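Hi there,

Here is the structure I promised to pass on to you. Please have a look at it first, and then read on for what I found.

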Amino acid sequence: MPQYSYNALSSSGNEQKGSLQAANESMAVQDLRAQGLRVLDIRESRGTGGFLGQANFADWLATQRSVGPDPLIFYFRQMAFMLRAGLPVAQALELSASQITSSRLNLAIRVMLKDIEGGQALSAAMRKHRDVFSNMIINLVVAGENTGELDVIMERLASHLEKRSALKKQMITALIYPVIVVLVAIGVAIFMVVSIIPKFATFLQGQGKALPASTQALIDISAGIRENGIQLIIAAIATLIAIWLFYRTPQGRLWIDQLLLRVPVMGKLLINGSMAQLNWAMSILLSSGVSIFDGLKISADLMPNRVYADKLKQAAAKVFAGRDLSSSIRHPMLPALVTQMIAVGERTGTLDNILQELGTYYEKLLETGIKRLTALIEPTMILVIGGMVGFVYYAFFQALFALAGGS
């Protein structure tokens, strides 16, 4: 049986510390009360083989890792199935622990199981693992416990995390392609500057004749980059570090996030992705019994863009003061369609359904936008790289023709 350390007050008011064995924490408290002690603090003792506050090195190592969306999706879907089949929460957790491969999530489930066996509710046990379970997850579980629809909540969580993961992957795909184009263009430019143009310049300058303006400009640019290459690299790194430090400040992040939303094409993708995530989150929260005020605060924590996160927090304060959601959430960077449809949902009493439809609508817009971006970048990549190589060939042949004409 587990060993528990306790701190308690005796009937005479003296503080007493000690340890005892019990089946779980609840039984340990009952045993101490039976002895006439008032429990101030009790916790499970770690074995002598413990490591930095954990039972062993493997558990400590698990606490240093994060939990990705896929293990959480599997866990919630599995829990929904077992709860729907009539299994108690403790037994469902025990079975989940044997199936989850993520070490961090597995550790959280094992600790939660002990807490539940000690008499705690599932939501209370989950609150001890906020690095694994977000505020949205915990609040939805509370709603499920209050309504007796915990299996439905688990299924909704699995669906929400699945959609959120798909959105994130789509956004990453949209952002990776332009980065690849830029890196390829830079790589081609460096190769020409370091390898091709110097040989080209040596040959032409050895002829002792004046070069055409385009050829001379190409040689000068190449020489300037090679001579100041280290300084240019240092300046680029310093600029990136300065931007990163600026982004870490509240005002800096807000300013950069505003700027990103205004970037042509890419800004539209960010807006559509944010709207899909916002509407889905609000839909699942409201349909599960969470208030609009709490839903806005929870959704604000989920939004990666500070513009929308700050607006949702402001909207929560306005809703708390008695204003309706549609007017509270209005913002220049928020599509008018969203506020208009929310107003319709408030008047008809179908706000959760309206928000779900909006989430689906903006997901489709995001998918279409990514396809268009991909189609736009491919010819852009050809034009950029082809233009650089073409200019080198143009300058080279113009020089050859000039030399041949003057001989």
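Let me start with how the chain meets itself: if you take contacts in the protein chain between residues at least 6 apart in sequence, 59% of them join residues at least 24 apart. Please keep in mind that this is a predicted model.

**The chain as a whole**

Going through the secondary structure of the protein chain, I get 17 helices and three strands. Its radius of gyration is 31 Å, while the globule rule gives 22 Å for 407 residues; the value is well over the rule, so the chain is more spread out than a compact globule. The C-alpha trace spans about 110 × 60 × 40 Å along its principal axes.

As for the surface, 39% of the 407 residues count as buried. The accessible surface comes to about 22100 Å², and carbon and sulfur atoms make up 61% of that. For your electrostatics, there are 37 positive and 29 negative side chains, and the centres of these two sets are 7 Å apart.

**Helices 4 and 5**

Helix 4 covers residues 89-97, and I looked at two of its residues. Serine 96 sits in this helix and counts as buried, because its relative accessibility is 0%, under the 20% cut-off. What does serine 96 touch, leaving out residues up to four places away in sequence? Its partners are Tyr75, Gln78, Met79, Met82 and Ile109.

Alanine 97 is also part of helix 4, and at 17% relative accessibility it counts as buried too. Beyond residues up to four places away in sequence, alanine 97 is in contact with Asn106, Ile109 and Arg110. Ile109 therefore turns up in both contact lists, that of serine 96 and that of alanine 97. In case you want a long-range distance, alanine 97 and alanine 300 are 203 residues apart along the chain, and 31 Å separates their C-alpha atoms.

Helix 5 runs over residues 103-117, which is 15 residues, and its first and last C-alpha atoms are 21 Å apart, close to the 21 Å expected at 1.5 Å a residue. Its buried residues are Arg104, Leu105, Asn106, Leu107, Ala108, Ile109, Met112, Leu113, Asp115 and Ile116. Asn106 and Ile109 from that list are among the residues that alanine 97 touches. After helix 5 comes glycine 119, with a positive phi near 105°.

**Around helix 12**

Now to the loop between helix 11 (250-261) and helix 12, where valine 265 is placed. Most residues other than glycine have a negative phi. Valine 265 is not a glycine, yet its phi is positive, about 65°. Is valine 265 buried, exposed or partly exposed? With a relative accessible area of 41%, valine 265 is partly exposed, because that value falls between the 20% and 50% cut-offs.

Helix 12 covers residues 266-287. It has 22 residues and reaches 32 Å from first C-alpha to last, close to the 32 Å expected at 1.5 Å a residue. This helix is mostly covered, with 20 of its 22 residues buried. Just after helix 12, glycine 289 has a positive phi of about 100°.

Within helix 12 I picked out leucine 270, which is buried at a relative accessible area of 18%. Not counting residues up to four places away in sequence, leucine 270 touches Met171, Leu260 and Leu261. Leucine 270 is also 13 residues from aspartate 257 in sequence, with 9.9 Å from C-alpha to C-alpha.

**Helices 13 and 14**

In helix 13 (residues 292-302), the buried residues are Gly295, Leu296, Ile298, Ser299, Ala300 and Leu302. Which helices are included in what covers them? The cover includes helix 7 (135-147), helix 8 (150-205), helix 12, helix 14 (306-320) and helix 15 (325-328).

Glutamine 314 belongs to helix 14 and counts as partly exposed, at 44% relative accessibility. Between glutamine 314 and leucine 296 there are 9.1 Å from C-alpha to C-alpha, and the two are 18 residues apart along the chain. Leucine 296 is one of the buried residues of helix 13.

Happy to talk any of this through.

Best wishes

Key:
Residues are numbered from 1 along each chain as its sequence is written. This is a predicted model: local features need pLDDT of at least 70, side-chain atom pairs count only at pLDDT 80 or more; totals for chains, interfaces and linings use all residues. Side-chain values use heavy atoms; hydrogens and water are left out. Helices (H or I, at least four residues) and strands (E, at least two) are DSSP runs, numbered from the N terminus. The radius of gyration is taken over C-alpha atoms; the globule rule is 2.2 Å times the number of residues to the power 0.38. Buried means under 20% relative accessible area, exposed over 50%, partly exposed in between (1.4 Å probe, protein chains only). Contact means heavy atoms within 4.5 Å. Accessible areas come from the Shrake-Rupley method with a 1.4 Å probe; for residues, only the protein chains shown count as cover. Lys and Arg count as positive and Asp and Glu as negative; His and the chain ends are not counted. The place of a charge is taken as NZ of Lys, CZ of Arg, CG of Asp or CD of Glu. The expected span of a helix is 1.5 Å times one less than its number of residues.
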